[in-house]
Amino acid sequence: MKIEKIVLRKMKMTFKTPFQVSFATMREKHFIAAEIHTKDHIGYGDCSAFDHPYYNEETTTTAWHILQDFLIPLLFSKDEISHPEELYSLFSHIRRNKMAKSALDCAVWDLYAKERNIPLSKALGGTRSKIETGVSIGIQNSPDDLLRVVEKYMEEGYRRVKIKIKPGKDIKYLEAIRKRFGDIMLMADANSAYTLKDIELFKEMDPLNLIMIEQPLAHDDIVDHAKLQAVLKTRICLDESIHSVEDARKAIELGSTKTINIKVARVGGLTAAKKIHDLCQAHDIPVWCGGMLDTGIARAHNVAIASLPNYRFPGDIPASNRYWNQDVISPEVTIDEKAMVAVPEKAGIGFEPIPELMERFTYEKKQILR
Ligand SMILES: O=C(O)CCC(=O)C1=CC=C[C@@H](O)[C@@H]1C(=O)O
Ligand SMILES: [Mg+2]
């Protein structure tokens with residue numbers, strides 16, 4: 001692959017409805033789309049960093065800086081890329097900044113698959129033609145409001161529901177869903193809102209048979225999570241705590257997690273996601289695909305990676321219309337009657353960004369020539 005130019009876009013899209021989690025209420029999604037151009041193809045990647053540092057430390061502005069001043073010059077320092085995995089070592093001496101790295105990693109994977117005329121899922125080693133998805137629901141004002149939202153998504157066909165929790169808005173909300181909807185696949189995501197002092201509360205959740213509790217404790221912890229996991233039947237899932245294969249290895253060794261939410265952006269791209277997938281598979285730890293309230297470009301990459309065999313829980317990869325009046329890709333992501341998304345058979349990501357919408361949602365653009 002000989003890269004000729006890279007186009008970065010700062011983009012913003014407004015959610016159909018605001019999304020509340022323990023750390024913020026989000027009304028719009030800021031992101032950076034990266035287009036990598038070769039003579040014959042364009043590869044697309046998405047840096048999913050938010051416009052605030054409350055989920056992780058990166059923001060759209062920090063990612064723009066790292067992309068433009070460090071990662072892109074490094075990429076241009078190589079005459080040719082023969083495999084996307086080369087970016088993993090090329091970028092390894094730049095610490096963290098995983099979401100910035102992910103934008104380029106994903107775009108190069110897309111290019112690689114397009115040059116070989118194969119779907120991205122196949123290039124990654126995917127084995128599924130359909131993937132199972134679920135819906136993630138933000139914090140609601142009352143259990144009754146939550147039940148109404150859950151009901152709407154169940155009617156749309158979703159079978160796995162993840163609800164966001166925070167202190168004071170947790171067990172009663174979960175119990176209300178169990179009472180009303182019975183044995184559905186139900187889980188909770190705390191985004192680090194609790195500490196070990198809340199251990200009794202988590203023990204009370206055990207009889208609810210949640211498929212997992214996601215990131216209950218601190219965003220940078222794997223020690224206290226191990227202590228909590230040791231007294232719970234319910235699976236703990238780590239999200240914020242896992243940024244790399246090494247993080248995953250240590251968490252597995254300590255017993256801090258029984259599943260990992262792999263967000264492609266959080267771990268630095270598809271190569272890292274695949275490595276974490278393989279490590280977990282070797283330890284019989286199932287993984288699943290998380291989301292960053294994504295637009296179509298990141299969602300396309302998520303669909304491809306979730307086709308790998310050890311992605312064994314439904315992902316946060318719902319239909320485009322879960323978030324957007326109109327997504328930026330064609331076709332939009334849709335679910336079938338079993339809440340499954342078809343893995344594209346076309347070359348590369350298998351979805352086309354719509355030029356007019358890409359322009360409409362762009363508020364800053366930069367073209368960088370080799
Ligand atoms: O639908 C999705 O993309 C998942 C949404 C979701 O749960 C999250 C998105 C972004 C940050 C977090 O709040 C959260 C998560 O932690 O998984
Ligand atoms: Mg999470």
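Here are a few worked exercises on a predicted model.

**Exercise 1. Work out the strand order of the open four-stranded sheet, and find its edges.**

Step 1. Let's start with the order: the open sheet runs E3-E2-E1-E15, and the pairing is antiparallel.

Step 2. Now look for strands that pair on one side only: these are strand E3 (42–47) and strand E15 (362–369), the edge strands.

Step 3. For the geometry, the twist from one strand to the next averages 25°.

Step 4. Zoom in on one pair. Strand E1 (residues 5–21) and E15 are joined in the antiparallel sense over seven bridges. In this region, Ile6 stands opposite Ile368 in E15.

Step 5. Finally, see what covers the strands: H3 lies across strand E2 (24–37) and E3, and its direction makes an angle of about 155° with E3.

**Exercise 2. Decide whether Phe23 is buried, partly exposed or exposed, and list its contacts.**

Step 1. Place the residue: Phe23 sits in the loop between E1 and E2.

Step 2. Count neighbours. Phe23 has 16 C-beta neighbours inside 10 Å. Buried would take 20 or more, and exposed would take 12 or fewer. Phe23 is therefore partly exposed.

Step 3. Leave aside neighbours within four places in sequence, and the contacts of Phe23 are Tyr54, Tyr55 and Asn191.

Step 4. Try a distance as well: Phe23 and His41 are 18 residues apart along the chain, and their C-alpha atoms are separated by 40 Å.

**Exercise 3. Find which residues of the largest nonpolar core touch the most other members, and which helix gives the most to this core.**

Step 1. A bit of background: in soluble globular proteins, nonpolar side chains tend to be buried together.

Step 2. Here the largest nonpolar core has 112 residues, and those touching the most other members are Ala34, Cys47, Ile213, Ile260 and Ile276.

Step 3. Helix H3 (residues 98–116) is the top contributor to this core, giving eleven residues.

Step 4. Check the domains: at least three core residues come from each of domain 1 (5–117 + 352–369) and domain 2 (123–342).

Step 5. Take Cys47 as a case. Skipping residues up to four places away in sequence, Cys47 touches Phe31, Ile32, Ala34, Ala63, Met99, Ala100, Ser102, Ala103 and Ala265.

**Exercise 4. Describe the span that UniProt annotates as a domain.**

Step 1. The unreviewed UniProt entry puts "domain: Mandelate racemase/muconate lactonizing enzyme C-terminal" on residues 143–235.

Step 2. In the model, residues 143–235 are 43% helix and 14% strand, and the end C-alpha atoms lie 24 Å apart.

Terms used: Residues are numbered from 1 along each chain as its sequence is written. Chains are lettered from A and ligands numbered from 1 in the order in which they are written. This is a predicted model: local features need pLDDT of at least 70, side-chain atom pairs count only at pLDDT 80 or more; totals for chains, interfaces and linings use all residues. UniProt positions are given in the numbering used here, feature names are shortened, and annotations may be inferred rather than shown by experiment. Helices (H or I, at least four residues) and strands (E, at least two) are DSSP runs, numbered from the N terminus. A nonpolar core is a set of buried Ala, Val, Leu, Ile, Met, Phe, Trp, Tyr and Cys residues joined through C-beta atoms within 7 Å. Domain bounds come from an automatic or database domain assignment. Two residues are in contact if their C-beta atoms, placed from the backbone, lie within 7 Å. Two strands pair if DSSP finds at least two bridges between them. Axes are lines fitted to C-alpha atoms, for helices over the stretch in contact, and angles run from 0 to 180 degrees between N-to-C directions.
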